[in-house]
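Let's take a walk through a protein model, one region at a time. Keep the 3D view open and turn it as you read.

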Amino acid sequence: MATIVGCVTTSHVPAIGGAIARGLQHEPYWKPFFDGFPPIREWLGRARPDAAVVFYNDHGLNFFLDKMPTFAVGAAPQYRNADEGWGIPTLPAFPGDPELSWRLIEHLVESDFDITSCQEMLVDHAFTMPMKLLWPDAGSSWPLPTVPVCINTVQHPLPSARRCVELGRAVGEAVRRWPADRRVLLIGSGGLSHQLDGRRAGFINKEFDQRFMQSLVDDPAWAAKYSIRELVELTGTQGVELLMWMAARAALGDGAELLHASYHIPISNTAAGTMAFAPAA
Ligand code: DHB
Ligand code: FE
């Protein structure tokens with residue numbers, strides 16, 4: 001049976017791509033953020049994942065307001081990145097894992113999730129930034145195939161945090177029931193508190209972010225008690241991207257061992273957090 005080796009959650013900001021391209025990782029502005037990754041990469045070297053399921057939110061590259069699935073799962077042989085207009089390098093295509101994709105899709109539909117399956121899918125910075133941070137030296141050949149799981153945080157109504165936790169749990173079940181000798185990493189990309197637009201642009205809530213990060217260690221469904229409206233109030237219109245962290249962490253199972261956590265304000269407009277978990281011993 002397949003094994004889940006662990007879960008990595010991180011904030012994403014397009015400017016990370018610009019900082020990497022210009023070699024700014026050790027500049028004082030960027031260092032606190034980039035310093036979160038070497039310990040995680042060391043652990044990944046030992047954990048040896050050979051596939052990654054990436055929970056992320058598309059920002060208008062693949063899905064736009066005309067067609068907005070609540071949950072979409074990639075089932076493509078590869079996923080291309082494309083220019084979103086941020087002026088950051090477009091990254092090489094990411095290999096897919098259609099066998100794992102269809103395992104997830106079949107299990108999710110059997111579990112009453114009405115998902116959209118995508119045999120073609122562009123992936124944006126929310127998908128590419130964690131990949132580049134975890135495998136900075138990949139060049140044009142990523143070391144493992146991926147399955148993107150996209151959750152709508154753009155066009156309201158958004159799925160509830162409770163539903164995202166349930167989605168994550170079902171993804172975890174599907175992986176654990178996969179009769180393949182494979183080692184799967186879970187990635188959740190989004191948040192933490194930030195708001196890019198409107199009267200509260202620049203809003204950050206350190207107290208909530210830290211409480212939320214703590215909850216992922218020992219009570220991963222804690223934030224599911226909040227409605228989407230409450231989460232937007234607490235974390236900002238884009239802070240609600242923390243749904244990705246909840247889904248990825250839920251897929252790991254209730255208990256987990258915290259391997260690493262870092263939190264830094266700000267990068268760009270965002271409170272930047274990164275965490276890594278191994279399954280409970
Ligand atoms: C920023 C944050 C995001 O989550 C995003 O998708 C784009 C930009 C920012 O802080 O600049
Ligand atoms: Fe975002």
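## A long pairing and its hairpin

Start with strand E10 (residues 256–267) and E11: 9 bridges join them, and they run antiparallel. Keep in mind that this is a predicted model. One bridge to look for links Tyr263 with its partner in E11, Gly273. The two strands make a hairpin with 2 residues between them. In that turn, Ser268 has a positive phi of about 50 degrees.

E11 has another neighbour too. Strand E1 (residues 3–10) is joined to E11 by 4 bridges, again running antiparallel. Here Val8 has Ala276 of E11 as its bridge partner. Is strand E11 (residues 270–279) mostly covered or mostly open? Mostly covered: 9 of its 10 residues are buried. As a reminder of what holds such neighbours together, strands of a sheet pair through backbone hydrogen bonds, either parallel or antiparallel.

## A covered helix

Now find helix H9 (243–252). How many of its 10 residues are buried? The count is 10 of 10. Among them are Leu243, Met244, Trp245 and Leu252, and Arg249 is on the list as well. Just after H9 comes Gly253, with a positive phi of about 110 degrees.

## The iron site

Next, look for the iron ion (ligand 2), whose protein donors are His12 (NE2), His59 (NE2) and Glu241 (OE). These donors lie 2.0 to 2.2 Å from the ion. Along the chain they follow the spacing H-x46-H-x181-E. His59 sits in the loop between strand E2 (51–56) and strand E3 (71–74), while Glu241 sits in the loop between helix H8 (228–235) and helix H9, so this pair ties together parts that are 182 residues apart in sequence.

Which of these is buried and which is partly exposed? Glu241 counts as buried because its relative accessible area is 3%, and buried means under 20%. His59 has a relative accessible area of 31%, so it is partly exposed.

## A three-stranded sheet

Elsewhere there is an open sheet of 3 strands, in the order E5-E4-E7 and with mixed pairing. Strand E5 (94–95) and strand E7 (122–123) are at the edges with a single partner strand each, so one side of each has no neighbour in the sheet.

Strand E4 (residues 78–81) pairs with E5 over 2 bridges, in the antiparallel sense. To spot this pairing, look for Tyr79 and its bridge partner in E5, Phe94.

## Two pockets

The largest pocket holds about 570 Å³ of space. It is lined by 27 residues, and the closest to its centre are His194, Leu196, Asp197, Thr237 and Gln238. Which helix gives the largest share of this lining? That's H8, with 4 residues. Sorted by class, the lining has 9 nonpolar, 13 polar and 5 charged residues.

The second largest pocket has a volume of about 160 Å³. Its lining includes Ile20, Phe34, Phe37, Arg41 and Lys132. Helix H3 (38–47) and helix H5 (125–134) each supply at least two residues of that lining. By class, this lining has 6 nonpolar, 2 polar and 3 charged residues.

Key: Residues are numbered from 1 along each chain as its sequence is written. Chains are lettered from A and ligands numbered from 1 in the order in which they are written. This is a predicted model: local features need pLDDT of at least 70, side-chain atom pairs count only at pLDDT 80 or more; totals for chains, interfaces and linings use all residues. Side-chain values use heavy atoms; hydrogens and water are left out. Two strands pair if DSSP finds at least two bridges between them. Donors are N, O and S atoms within 2.8 Å of the metal (3.2 Å for Na, K and Ca); water is not among the atoms, so sites may look incomplete. Buried means under 20% relative accessible area, exposed over 50%, partly exposed in between (1.4 Å probe, protein chains only). On a 1 Å grid over the protein atoms alone, a cavity is a set of points where a 1.4 Å probe fits but cannot get out, and a pocket is an open set with protein on both sides within 12 Å along at least five of seven lines; lining residues have an atom within 4 Å of a point. Grid points are joined across faces, edges and corners, and a volume is the space filled by probe spheres set on the points. Ala, Val, Leu, Ile, Met, Phe, Trp, Tyr, Cys and Pro count as nonpolar, Asp, Glu, Lys and Arg as charged, and the others, Gly among them, as polar.
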